[in-house]
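Me: I have a structure with several chains in front of me. Please take one part and look at it closely.

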Amino acid sequence: MRGLHRGEARAGWLLAAPALLVIAAFFLLPVVAGFALSVTDFDIYAIGDPELVRFVGGANYRTLLSEPLFWKALKNTLYFVLLGVPATMGVALAAALGVTAGVTRLKPIFRTIYFAPVVTTLVAVAVVWRYLYHPRFGLINGVLGLAGVDPIAWLADPRWAMPAIVLLAVWKNFGYTMIIFVAGLQAIPEQLYEAARLDGASAWQRFRYITLPGLAPTTTFVAVITVIGYFQLFAEPYVMTSGGGPVNATLSVVLYMFKEGFRWWDIGYAAAVAFVLFWIVLAVTLLQTALRRRAER
Amino acid sequence: MRRRLPAVLLHLALIAGAVATIAPIVWMFAASFMTDGQANAEPPPLLPQPPTLDQYRALFSRLDIGRPLLNSTILATAVTAISLLLNSMAGYAFARLRFRGRDRVFSALLAALVIPAQVAMLPLFLMLKTMGLVNTYLGVIVPGMASIFGIFLVRQFALSIPQELLDAARVDGASEWRIYRSVVLPLLRPILVTLGVFVFMGTWNDFMWPLIVLTDDSMYTLPVALANLMGEHFQDTELMMAGAVVTVLPVLILFLAMQRSYIEGIMMGSLKE
Amino acid sequence: MSRGRLRLLAVLAAFAAGCGAGPRSQEAVRLWGLGREGEVVDELLEPFRAEHPGLEVEVQQIPFTAAHEKLLTALIGDAAPDLAQVGNTWIPEFVVLDAVEPLDPWLERSSVIRREDYFGGVWETNIVDGRLYGVPWYVDTRVVFYRTDLLAAAGCEPFPRTWQGWLECMRRVKALPGGERFAILLPTDEWAQPVVLGLQQGATLLTEDGSRAAFSSPEFARAFDFYLQIFDERLAPALSTAQIGNVYQQFAEGRFAMYITGPWNMGEFRRRLPASALAVWGTAPLPAPGDDWPGVSLAGGASLVIFKSSARKAAAWQVVEYLSRPEVQLEFYRLSGDLPARVSPWSDPLLADDPQVAAFFTQLGRVQPMPRVAEWEQIATRIFERAEEAIQGSATNQQVLAGLDRDVDRFLAKRRWVRARAEGS
């Protein structure tokens with residue numbers, strides 16, 4: 001039996017090795033290298049002459065903390081997350097409830113339609129939505145005009161640019177979240193609803209006391225992955241507002257990092273920005289899971 | 001009648017939602033068949049009058065969108081094939097093969113899921129530069145050859161493979177590799193189909209990394225080419241819509257063909273350990 | 001699909017990938033053109049291709065907005081073309097990367113390119129540390145494009161030559177009847193306008209050796225105050241290029257009557273303005289703060305550079321020589337509206353008899369280059385980003401200039417260290 005296990009153990013490592021090597025070499029190693037870079041002033045001078053690099057300790061981090069553009073990017077990204085995550089989850093939950101309700105006909109068709117935006121290429125739909133948001137020729141102002149609303153210069157107005165992107169993000173992502181909610185809803189035992197109905201509970205009471213608590217773990221999971229995903233906002237501002245938007249109203253942290261890294265080649269500094277993003281995402285994730293654990297008790 | 005009212009209202013709401021969801025996609029298709037400038041009208045037209053293939057002709061001839069289309073196809077196929085191989089091997093190993101440190105390594109992988117991919121991009125670019133892989137297909141393929149999420153998904157599914165089946169094969173004298181190839185892989189087929197669709201779509205739709213690593217327009221993938229087109233042809237709405245259609249249509253078709261498998265995969269991926 | 005077939009596909013794909021470059025011919029000279037120039041240079045090269053049947057020239061066009069970063073990424077990623085059109089302010093950066101070929105040896109052997117035939121200020125911008133790194137292709141300077149009819153109605157003909165007269169004219173244009181209008185369009189995401197005004201006041205922008213910022217100097221502060229005054233009096237809309245929409249349509253409709261921009265817009269105006277506006281636009285050199293008209297403008301433009309990594313430098317040089325021929329420079333102007341960097345084509349009637357071009361010729365006699373530091377592009381971007389704060393009213397002029405000084409000093413920190421190190425060793 002020992003021989004059997006040894007062969008199995010060796011096979012286990014051999015089979016897992018290629019994938020682990022790829023992940024280690026092309027993901028984990030760069031992440032570590034990124035941290036190393038963030039404590040140097042590696043930049044375009046260093047690329048031309050590798051001797052021109054210095055260890056600078058926390059200088060990059062101090063700089064970004066005093067750089068108004070970084071704070072603007074962080075504020076914008078937080079605004080996007082705080083607006084977008086609840087909106088996406090709300091719409092997704094509503095859609096999930098609608099798609100799983102007993103009386104609904106043609107469930108698969110609705111599910112397919114609601115999910116379709118998820119698979120579309122983000123750049124392509126960002127291009128489409130850029131035209132939808134056109135102040136004069138866009139469909140959105142056209143529809144709003146039917147309701148008597150004055151045309152809004154969505155992507156040009158600093159107040160509306162980020163909400164416009166939030167709307168796009170909600171449209172694109174709610175289908176994915178909806179499916180996860182559907183899975184969560186289906187996991188709630190039917191007997192609970194039966195018992196509640198027999199006890200005379202209304203639809204709202206059943207929702208509040210059975211559905212919502214039953215969905216709690218799913219909700220946490222969805223919240224965590226959506227928050228992590230939304231913090232990485234990049235393609236929408238890049239395509240729709242050409243990198244920054246009106247008065248940098250749509251500059252996101254990742255976009256800021258991209259500009260500092262690939263436009264100015266302030267590599268040490270950009271690496272520091274990336275790490276700050278990582279720590280923020282980590283902190284928010286830990287916070288969310290801690291809150292959930294507290295609520296469960 | 002009163003009992004039916006909630007049901008009717010619900011359906012109306014669902015239909016309204018469906019219309020709102022599908023409207024941008026429908027408009028994209030409609031505008032792509034319009035002649036130059038027809039979409040720039042107040043109020044925006046919903047139907048091309050008359051429909052024309054001019055934009056597509058321009059895309060494929062003058063603007064040579066066939067090249068990015070080919071690049072996207074090659075890259076998505078290559079990454080899908082390779083990552084299915086690597087992820088399935090690793091996912092099976094983590095699920096059903098017993099080796100020291102297995103669970104700790106897997107937990108570490110799961111923890112690494114929280115790291116945003118952008119943290120790795122700059123150093124990865126510099127790394128690939130020293131390897132001479134900037135502006136090559138391999139520059140896009142190599143980082144995508146395996147993924148933590150893919151391993152996770154396969155492992156999740158492989159946990160359902162009965163241990164007795166594997167032990168029986170071992171008793172019969174089959175080598176571990178043989179077991180993987182002949183016993184496990186066929187059983188993994190459903191999740192491999194799902195993961196394959198995932199990875200194909202993910203690679204096809206990927207934007208930031210190809211934007212960074214591909215510097216020649218002959219190497220661009222569709223999303224990068226489309227963003228580039230936007231820089232020069234912003235005024236040409238109908239042309240851009242046609243470009244968007246060419247980019248989106250393949251994954252949309254793939255989705256419609258495989259939606260059951262794909263959606264089930266997402267649901268499975270969300271089940272807690 | 002069976003596992004075996006899938007693996008075969010993977011191997012084939014990896015092979016195709018390993019080849020990397022795709023069906024591009026290895027013999028071609030690769031040229032990157034930017035923006036509009038990239039579009040026309042392909043056509044411009046037709047006779048060249050006929051003259052050199054064995055030589056292929058592949059042109060790739062890059063939109064101007066992404067050009068700087070794409071060029072750097074390609075250079076750093078060892079995926080650069082053989083030669084490229086580059087903004088002349090970018091050359092110091094490429095020199096730092098040690099990416100561009102010094103052209104003095106090629107120049108000495110050339111019979112086509114003669115230094116004396118080029119506008120002096122512009123040729124200078126291609127020289128870094130005493131070596132020539134680029135050949136000027138076209139010149140870019142900024143003048144005022146304006147609606148002749150609107151200015152006539154406001155009583156401002158001929159075009160004002162002093163800042164005071166200019167400001168007066170703007171006020172009168174704004175007061176013209178016919179709906180809400182602005183006098184001048186100054187997109188808030190362009191750095192050229194505040195910089196030019198600063199140069200006109202005698203500001204140096206950076207210290208002499210380019211090691212520190214000098215935006216709080218009295219000269220630049222005066223110019224910046226004038227710039228902000230135009231926005232404060234609502235003579236210019238506080239909008240960026242993206243927010244403005246279709247500039248040509250707005251100009252034709254008279255939403256603004258003046259626009260400071262470059263030669264490429266001569267071609268664009270002729271192409272994009274509706275018929276009603278084609279006859280009512282003109283150009284004029286920039287007004288000066290005092291009596292020394294014309295006011296200083298940018299010694300801008302693009303150069304052709306050959307990259308050190310190129311394996312076909314001789315062929316690339318032939319392309320450079322061809323594009324520098326006076327008659328080809330003239331044809332280039334005809335196709336793109338970009339003005340020749342060589343002086344001799346200017347005597348051709350096509351340019352000499354064009355009233356709109358005359359303003360540029362006058363202005364080119366009074367141009368100044370930007371500080372030649374590798375960080376210039378980053379500094380220029382920061383200038384308009386900070387200026388936007390003042391325009392939006394979220395900071396005072398002094399605060400903005402002080403902040404700009406701090407930021408630019410930080411950008412230049414590495415440069416200071418590198419130079420100190422070089423001097424020390």
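Reply: Here is a close look at one helix, followed by the places where chains meet.

This is a predicted model. Start with helix H1 of chain B, residues 5-32. H1(B) has 28 residues. From its first C-alpha to its last, H1(B) reaches 40 Å. That is close to the 40 Å expected at 1.5 Å a residue.

Now find Ala23(B). A kink of about 40 degrees lies there in H1(B). The proline Pro24(B) comes shortly after the kink.

Which residues of H1(B) are buried? Leu14(B), Thr21(B) and Pro24(B) are among them. So are Ile25(B), Trp27(B) and Met28(B). Ala31(B) and Ser32(B) are buried too. Keep a rule in mind as you trace them. An α-helix has 3.6 residues a turn, so residues three or four places apart point the same way.

Next, look at how chain B meets chain A. Chain B puts 75 residues into this contact, and chain A puts in 80 residues. Helix H12 of chain B, residues 237-269, gives the most to the chain B side, with 13 residues. That side divides into 58 nonpolar, 10 polar and seven charged residues.

Chain C also touches chain A. Here 20 residues of chain C are in contact with 17 residues of chain A. Helices H4 (64-76) and H5 (91-96) of chain C are among the elements that give two or more residues to the chain C side. H4(C) gives the most, with six residues. By class, the chain C side has seven nonpolar, seven polar and six charged residues.

Technical notes: Residues numbered from 1 in each chain as written. Chains lettered and ligands numbered in written order. Predicted model: local features only at pLDDT ≥ 70, side-chain atom pairs only at ≥ 80, totals over all residues. Contact = placed C-beta atoms within 7 Å. Helix = DSSP H or I, 4+ residues; strand = E, 2+ residues; numbered from the N terminus. Nonpolar A, V, L, I, M, F, W, Y, C, P; charged D, E, K, R; others polar. Expected span 1.5 Å × (residues − 1). Bend = angle between axes of the 7 residues up to and from the residue. Buried ≥ 20, exposed ≤ 12 C-beta atoms within 10 Å, placed from the backbone.
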